[in-house]
Amino acid sequence: MKRMNTSLILSNIRSSGQISRIELAKATGLTAATVTNITSWLIDNGLVEECSVGVSTGGRKPVLLRLRQDRFFAASAYISPVGVDFAVSDFGANIIYRHSRRFDGTATPEECTAYIAQQVRTFGESRDCTIAGLGLGVHGITDAHHGDIVNSPILKWKNVPIKAMLSEACSLCVYPENDVRLMATAERWYGTASACEDFVYLYVGSGVGSAIISGGSLLRGVNNAAGEIGHSIIDPLGPVCECGKRGCLQAHTGEGAMLRALHENLSLSDSLSKDSTCADIFNAYKTGDKAACAVVEREVSYLSAAVFNIANLFDPSLIVVGSGIDGFCEAIVPRLADATVGAMGMREQSCPVSASVLGCDAVLLGGIATVLDRVCEDPAKLFE
Ligand SMILES: [Zn+2]
């Protein structure tokens, strides 16, 4: 019971930013004495601090509490197709240390583990502090409960017990998760979906994926593959996808599909060539290049269908679109504004579609938020 109440109070302090003991009692339904006891424990142990004086509602002005930022730290790492990014932040999600290594898609789990463990040691030697845990984003299907990477075709990893490997190498609690799910988690805590309980994050890059937040929680599915929208079939007679099926969304949209569409339309272009990148396409689009316009119109059509399907399947309050392609969100997302009009739940108004605001740090920030989630669930674990 004490553990549950402590978790409830710490979670409320975290999500509110600043809150008085009286407001905490109201928000949690706990007695004033319980709130006083638990907040004293949280202050004594460096998780919470008194920060300023609030507005009086008649009597003495209440003292406000907030999460203490500088006592504990959260580590985060991202194993992506191009390498590993590592960061450490304070509890305010301010990144105070970062390091990256490029691996060119050839890294083994052992090499990535050794690199991350070495970074944890390097940071630990530079300052005397306690790291509360390591959030880990992985490109591929990840079993967050057991801590395994089930299948990452692009890394060519299958059934890798990454949590066990990293926990042993780093002596930290490790929380692995699929990268797009961490982008969504970050968007909820630090981005454009703040306090959103029902939203869908759609990522378009070399692959296409999504993460679904439903009732405030990530929807994972029985096989941890919920949200693999890139392999939803939108045209059974369409081109063959890398997964072997015909007509997947990913065979029509994203980096590979855009480059194929460019090659088909090259004769229309004044400035693009067969070596152009997607970023080049978006630059040429701004100048009205006909081939670039054709590619962008095609991308908008397919993504409009994807967004419409998301609205019908999940009835979210917001759809956030993120991309690793320079210029993508700027050109595409405004064009999706009305894409949900006509979906069954959208009779009164369409579902807003926003661009992610977190950029390339989204996965690392999601890892940091995940460490904080776990600390809030059971803060006493930090002292075991
Ligand atoms: Zn597919």
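Here are legends for a handful of close-up views of this predicted model.

**View 1. How the chain splits into domains, and where domain 1 touches domain 2.**
The protein chain falls into three pieces: domain 1 (2-67), domain 2 (72-185 + 362-383) and domain 3 (193-357). Note that domain 2 is written as two segments, 72-185 and 362-383. Between the C-alpha centres of domain 1 and domain 2 there's a gap of 30 Å. Eleven residues from domain 1 and nine residues from domain 2 make up the contact. On the domain 1 side, helix H1 (residues 2-16) chips in the most, with six residues. Sorted by class, that side of domain 1 has four nonpolar, five polar and two charged residues.

**View 2. Strand E4 and its two partners.**
Strand E4 (residues 72-80) is mostly covered, with eight of its nine residues buried. Strands of a sheet can pair either parallel or antiparallel, through backbone hydrogen bonds. E4 takes part in both kinds of pairing: with strand E7 (residues 130-138) it runs parallel over seven bridges, while with strand E5 (residues 83-90) it runs antiparallel over eight bridges. A hairpin of two residues takes the chain from E4 to E5. Phe73 is a handy residue to centre on: its bridge partner in E7 is Ile131, and in E5 it stands opposite Asp90.

**View 3. Pro161, between a strand and a helix.**
Look for Pro161 in the loop that links strand E10 (157-160) to helix H5 (162-170). Is Pro161 buried or partly exposed? Pro161 counts as partly exposed because 15 other C-beta atoms lie within 10 Å, and a buried residue would need 20 or more. Skipping neighbours within four places in sequence, Pro161 is in contact with Gly147 and Asp148. Another proline to pick out is Pro176, 15 residues away along the chain, with 10.0 Å between the two C-alpha atoms.

**View 4. Helix H10 from end to end.**
Helix H10 (residues 290-314) has 25 residues and covers 36 Å from its first C-alpha to its last, close to the 36 Å expected at 1.5 Å a residue. Its buried residues include Ala291, Ala292, Val295, Val296, Glu299 and Leu303. Further along H10, Ala306, Val307, Ile310, Ala311 and Phe314 are buried too. An α-helix has 3.6 residues a turn, so residues three or four places apart point the same way. Right after H10 comes Asp315, with a positive phi near 45°.

**View 5. Leu202, in a sheet and in the core.**
Five strands line up here as an open sheet, in the order E14-E13-E12-E15-E16, with mixed pairing. Strand E14 (217-218) and strand E16 (353-355) sit at the edges, each pairing on one side only. Strand E12 (residues 199-204) and strand E15 (residues 318-323) run parallel and share six bridges. Within that pair, Leu202 stands opposite Val321 in E15.
Which residues does Leu202 touch, not counting residues up to four places away in sequence? They are Ser210, Ile229, Ala306, Ile310, Ile319 and Val321. Ala306 and Ile310 are among the buried residues of H10. The largest nonpolar core has 106 residues, and Leu202 is one of those touching the most other members, along with Met183, Tyr201, Ile281 and Ile319.

Key
Residues are numbered from 1 along each chain as its sequence is written. This is a predicted model: local features need pLDDT of at least 70, side-chain atom pairs count only at pLDDT 80 or more; totals for chains, interfaces and linings use all residues. Domain bounds come from an automatic or database domain assignment. Two residues are in contact if their C-beta atoms, placed from the backbone, lie within 7 Å. Helices (H or I, at least four residues) and strands (E, at least two) are DSSP runs, numbered from the N terminus. Ala, Val, Leu, Ile, Met, Phe, Trp, Tyr, Cys and Pro count as nonpolar, Asp, Glu, Lys and Arg as charged, and the others, Gly among them, as polar. A residue is buried if 20 or more other C-beta atoms lie within 10 Å of its own, exposed if 12 or fewer, and partly exposed in between; C-beta atoms are placed from the backbone. The expected span of a helix is 1.5 Å times one less than its number of residues. Two strands pair if DSSP finds at least two bridges between them. A nonpolar core is a set of buried Ala, Val, Leu, Ile, Met, Phe, Trp, Tyr and Cys residues joined through C-beta atoms within 7 Å.
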